[in-house]
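Work through the exercises below with the sequence and the 3D view at hand. Try each task before reading its solution.

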Amino acid sequence: MLNVPAQAFPAPGSQQRAAAGGRSKVPLKPGRSLMDWIRLTKSGRDLAGLKGRLIEVTEDELAKHSKKEDCWICIRGLVYNITPYMEYHPGGEDELMRAAGRDGTDLFDQVHRWVNYESMLKECLVGRMAFKPVTVTTEICCAPPEEKKLLNGMLPKIKVLDTSSRDLTPSYEWFQTDYSVTVVIYTKQKGMNSEMVIVDQQDGRLRVDIIVKNYSYLLHIELNCAVQEDIAVRTSEKVGKVEIVLKKKDNIHWSKLGEPLESHKSFIRCTERGLYYRKCKLISKTEVTHDTKLFCLMLPQSTHLEVPVGQHVYLKQIIAGTEIVKPYTPVSFSLISDFKEPSHHDSTHLILMIKIYPNGLFTPKLDHLQIGDCISVSNPGGSFKKSQVQTLEDLFLLAAGTGFTPMVKLLNYVLTNVCSLRTVKLMFFNKTEDDILWKSQLEELTLTDKRFEVQFILSEPTREWKGKQGKISLSLLSEFVKRSKKDSKVLICVCGPALFTEQGIRFLQDLGYSKEEIHSFTA
Ligand code: FAD
Ligand code: NAD
């Protein structure tokens, strides 16, 4: 299976697993695609096996359902009978069985917290975990009152800060003038920048998500009075202060900022924060190749969101009544024009380079969007950090097909900002010459920047192709990935189909590169 919906559970140590974060998929039987699953959930069959009843499940009861032919799991306090889903799971049955008869929330969050299981598994819902009357003695960080009850030792999770994050907890205050309201957040984090601040102001609600190391601090407030759409965000790097300026609609004095909403002032690991979506408008759609297009989406005026280099967002669409979510990596409008200065577009627009699969689940519907239509876009995700390239000397990029997308902003960034950089080499794998994304721009870049080299490798070339042929292999890589000098600081980024990434990482390890010198982009 080339490109399948997310597998719900990881399997450390499993044979199926791709190295260093790549996600392997198992071949599914015909008739077991995500679309087939959606059809089954709409068929009216009793998938939960309880004739429409919802029950309270004790830990003991849950544990009884731990076999393939009778399998229940708990995610965030809700229990699902996933027996009928087994054959449809892209990661295979064994992966799912790791959570059989128990709480699978952590396993699920480790890999695919973005998968909308509530929608996908709603017909399998058995009920919720029964409450266990236990008093919680640990420190609770702003958990809403209903979350303070311990659910049979299970979920929903109580937001407990561990000691390492406690002294990082941000604080906030606010002040007003006749025309504006300013919310000031003190993060105590040096190097705070605008990419770490995500603001949404909609229907009188303000939601501010601030990333402090791997934690997320949330302000979530029903504002006291009406404000205008546009917002301003200022960050001061040295002291870690963030200011959000809202414009009052009416010139009246506010007695308070507003009322707290769900999870206000919570400070939890980013991985535990659910994805938040806002609607973005499709502004333009332009062809890149015969099957790939650039989609330009405009963020709402009342949103501040910048996607960091190497990270992606999730798009959400309702397909056959089920919410489907897939990741996409923003690029820039072109490889070269944005080079000298960061574009103003970066904070107001998202440019996505998306390949349309005629028989795919998600992209044909995306392709049917008309200019002016809206689509839900999430906060950014991904593990890539700019610090990985800050003192780099050699950067090697191994991309296959649309696996080129994370390389676009990365190329922009390193060639403009990393002074120590000596070489950047891209090895770009495609089926045919017509599939190569931005071929002429890449060739032009080799002429304008002497540090940059590109090699195209085709797996299904025509007779006219004079360049290299084949797929990723040890011999190709051993020629290509060579340090520019002994002990030079190297990073090798790999992105493409799961098997491509898996093989690439294995070959690089065989060539002696360490885990820290290899990065694969994953959801
Ligand atoms: P799918 O339904 O997933 O189908 C894709 C292909 O697989 C089709 O050819 C289909 O026929 C085949 N297929 C589906 N099911 C089966 C099966 N059971 N057996 C055999 N073959 C099958 N893509 C981009 O274009 N641009 C990006 O910027 C981008 N960024 C990404 C970032 C991340 C972190 C990740 C993980 C993926 C990214 N992708 C990107 C891929 C993207 O998320 C989707 O997987 C892709 O758009 C396919 O979606 P689809 O639902 O239309 O196709
Ligand atoms: P494609 O099918 O057109 O293949 C492009 C090239 O990849 C092929 O020419 C071949 O050299 C190589 N390849 C394909 N299958 C392979 C295999 N099984 N083993 C070894 N090499 C193989 O590619 P596409 O349709 O553009 O798909 C791109 C893939 O990249 C998708 O699976 C997508 O999910 C993934 N992607 C991931 C990210 C990320 O950040 N993780 C970003 C964008 C795309």
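**Exercise 1: An antiparallel sheet**

Val184 stands opposite Glu243 in β12. The model is a predicted one.

Task: Find the strand that seven bridges join to β12, and state which way the two strands run.

Solution. Step 1: Start from β12, which covers residues 241–248. Step 2: Its partner over seven bridges is β7, residues 180–186. Step 3: The two strands run antiparallel.

Task: Place this pair in its sheet and name the edge strands.

Solution. Step 1: The sheet is open, has four strands and follows the order β6-β7-β12-β11, with antiparallel pairing. Step 2: The edge strands are β6 (171–176) and β11 (227–236), and each of them pairs on one side only. Step 3: With direction ignored, neighbouring strands of this sheet are turned by 20° against each other on average.

**Exercise 2: A parallel sheet and its helices**

Task: Give the strand order of the six-stranded sheet and name its edges.

Solution. Step 1: This open sheet has the order β26-β25-β24-β23-β27-β28, and its pairing is parallel. Step 2: At the edges are β26 (468–469) and β28 (518–520), each paired on one side only. Step 3: Inside the order, β24 (residues 423–430) pairs with β25 (residues 452–458) in the parallel sense over seven bridges. Step 4: One residue of this pairing is Val424, whose bridge partner in β25 is Phe452.

Task: Determine which strands α8 lies across and which strands α11 touches.

Solution. Step 1: Helix α8 (residues 405–417) lies across β23 (394–400), β24, β25 and β27 (490–495). Step 2: The direction of α8 is at about 165° to β23. Step 3: Helix α11 (residues 498–510) packs on the sheet and touches β23, β24, β27 and β28. Step 4: The direction of α11 makes about 155° with that of β27.

**Exercise 3: The surroundings of ligand 2**

Task: Describe the residues around ligand 2, by class and by element.

Solution. Step 1: Ligand 2 is surrounded by 22 residues, the closest being Lys355, Tyr357, Asn430, Ser459 and Phe521. Step 2: By class, the shell holds nine nonpolar, ten polar and three charged residues. Step 3: β24 and α11 each supply at least two residues of the shell. Step 4: The largest share, three residues, comes from α11.

Task: List polar backbone atoms close to oxygen or nitrogen atoms of ligand 2.

Solution. Step 1: A polar backbone atom of Thr402 is 3.0 Å from an oxygen atom of ligand 2. Step 2: For Gly496, the distance from a polar backbone atom to an oxygen atom of the ligand is 3.4 Å. Step 3: A nitrogen atom of ligand 2 lies 2.7 Å from a backbone N or O atom of Phe521. Step 4: On its own, ligand 2 has 870 Å² of accessible area, and the protein covers 85% of this.

Note on methods. Residues are numbered from 1 along each chain as its sequence is written. Chains are lettered from A and ligands numbered from 1 in the order in which they are written. This is a predicted model: local features need pLDDT of at least 70, side-chain atom pairs count only at pLDDT 80 or more; totals for chains, interfaces and linings use all residues. Side-chain values use heavy atoms; hydrogens and water are left out. Two strands pair if DSSP finds at least two bridges between them. Contact means heavy atoms within 4.5 Å. Axes are lines fitted to C-alpha atoms, for helices over the stretch in contact, and angles run from 0 to 180 degrees between N-to-C directions. A residue is near a molecule or strand if one of its heavy atoms lies within 4 Å of it. A polar contact is a pair of N or O atoms within 3.5 Å; within protein, one must be able to donate a hydrogen and the other to accept it, and residues adjacent in sequence count only if both atoms are side-chain atoms. Accessible areas come from the Shrake-Rupley method with a 1.4 Å probe; for residues, only the protein chains shown count as cover. Ala, Val, Leu, Ile, Met, Phe, Trp, Tyr, Cys and Pro count as nonpolar, Asp, Glu, Lys and Arg as charged, and the others, Gly among them, as polar.
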